[in-house]
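Student: Please take me through one part of this model in detail, and then work outward from there. I'd like one connected tour with the numbers left in.

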Amino acid sequence: MTKIAPSILSADFVNLERDIRALGPAGADYVHVDVMDGHFVPNISIGLPVVAAIKKISPLPLDVHLMIDRPIRYVERFCQAGADILTIHVEADTEENTRKALELIRAAGVRAAISVKPKTPAEAVLPFLELCSLILVMTVEPGFGGQSFMYDMMPKLHTIRGWIDERNPGCELEVDGGIKPDTGKICRDNGANVLVAGSAYFNAADPAAFVRALKA
Ligand code: DX5
Ligand code: ZN
């Protein structure tokens, strides 16, 4: 079954509680929370206190996407703040530290995940495949909502789906960036089972109909 994770980067931050409480009734499965540090990506979003505040009111699991340098410094604190899935980028540190960070996340009882930017080859996930509950393939350059979907990520997605089925079948495969019903369908055909949608979800006149269209 396809899961939908609206990215609150495109929510109304003044009315964040209202927007988050509306996700479940609209049929969403996770709350996708984008954390940016202004170094790993050229944008700054939200951090630990906001994640902790969201956790208090969200009926849905928090899918926290860390776009920060050397995430090993912060993963335990994001687990404590309430992440249910915690994603770090393979490009953000050495292989050794990425592995250690994933182990810290798992030790905290949180689902560990890695993400790859568009220019990063599929092979970069291989050393971490068995440690992960989810792999996130970026379908835009991380940093901003509202960008155009990169169709050329589909071979990478398809390749990673093959490895997941062979080596860690319980692992979820998520895409993030430019997802709408048409691009979401292409991602599902290439093996994704979790679709992040930011601007398209929050701009939809009828979010429940939008979620149904993504799942159809
Ligand atoms: C981008 C973020 C995304 C973003 C997606 O760096 O990771 O989660 O909110 O936005 P859309 O769906 O508008 O491309
Ligand atoms: Zn994201």
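Tutor: Let's start at Cys-79, which is buried, with a relative accessible area of 10%; keep in mind throughout that this is a predicted model. The cut-off for buried is under 20% relative accessible area, so the 10% of Cys-79 qualifies. Cys-79 sits in helix H3, which covers residues 75-81. Setting aside neighbours within four places in sequence, the contacts of Cys-79 are Leu-86, Ile-105, Ala-108 and Val-110.

Follow the first of those names. Leu-86 has a longer contact list of its own, again without residues up to four places away in sequence: Val-64, Leu-66, Val-75, Phe-78, Cys-79, Ile-105, Val-110, Arg-111, Ala-112 and Ala-113. Leu-86 also belongs to the largest nonpolar core, a set of 64 residues, where Val-64, Leu-86 and Ile-135 have the most contacts inside it. Helix H5 (residues 154-167) supplies the largest share of this core, 5 residues. There is a second, separate core as well, with 10 residues, among them Tyr-30, Ala-113, Met-138 and Val-194. As background, nonpolar side chains in soluble globular proteins tend to be buried together.

Helix H5 also holds something polar: Arg-161 lies in it. Arg-161 is buried too, at a relative accessible area of 17%. A polar atom of the Arg-161 side chain is 2.8 Å from the backbone oxygen of Gly-191. Beyond its neighbours within four places in sequence, Arg-161 is in contact with Cys-171, Leu-173, Asn-190, Gly-191 and Asn-193.

For a sense of scale, go back to Cys-79 and pair it with Ala-208: they are 129 residues apart in sequence, and their C-alpha atoms are 30 Å apart in space. Over in helix H8 (residues 207-215), the buried residues include Phe-210, Val-211 and Leu-214. Looking down the axis of H8, the buried residues fall within an arc of 100°, so they line one face of the helix. They pack against strand E1 (3-6), helix H6 (181-189), strand E8 (194-197) and helix H7 (199-203).

Now the metal. The zinc ion (ligand 2) takes its protein donors from His-32 (NE2), Asp-34 (OD), His-65 (ND1) and Asp-176 (OD), at 2.0 to 2.3 Å. Along the chain these donors are spaced as H-x1-D-x30-H-x110-D. Asp-34, in strand E2 (residues 31-36), and Asp-176, in strand E7 (residues 172-176), are 142 residues apart, so this pair links distant parts of the chain. The site has 6 donor atoms with angles of 70 to 169° among them, and it is octahedral. For comparison, ideal octahedral angles are 90 or 180 degrees.

How exposed are the donors? Asp-34 is buried at a relative accessible area of 6%, Asp-176 counts as buried at 8%, and His-32 is buried at 0%.

His-32 is worth a last look. It is found in strand E2. Its side chain makes a polar contact of 2.9 Å with the side chain of Asp-63 and another, at 3.4 Å, with the side chain of His-65. Not counting neighbours within four places in sequence, the residues in contact with His-32 are Ala-5, Pro-6, Ser-7, Ile-8, Asp-63, His-65, Glu-174, Asp-176 and Val-196.

Methods: Residues numbered from 1 in each chain as written. Chains lettered and ligands numbered in written order. Predicted model: local features only at pLDDT ≥ 70, side-chain atom pairs only at ≥ 80, totals over all residues. Heavy atoms only, no water. Donors = N, O, S within 2.8 Å, 3.2 Å for Na, K, Ca; no water. Tetrahedral: all angles 85-135°; square planar, octahedral: opposite > 155°, others 65-115°. Helix = DSSP H or I, 4+ residues; strand = E, 2+ residues; numbered from the N terminus. Buried < 20%, exposed > 50% of the residue type's maximum accessible area, 1.4 Å probe, protein only. Polar contact = N/O pair within 3.5 Å; in protein donor to acceptor, adjacent residues only side chain to side chain. Contact = heavy atoms within 4.5 Å. Core = buried A, V, L, I, M, F, W, Y, C linked by side-chain atoms within 4.5 Å. Arc of directions from axis to C-beta.
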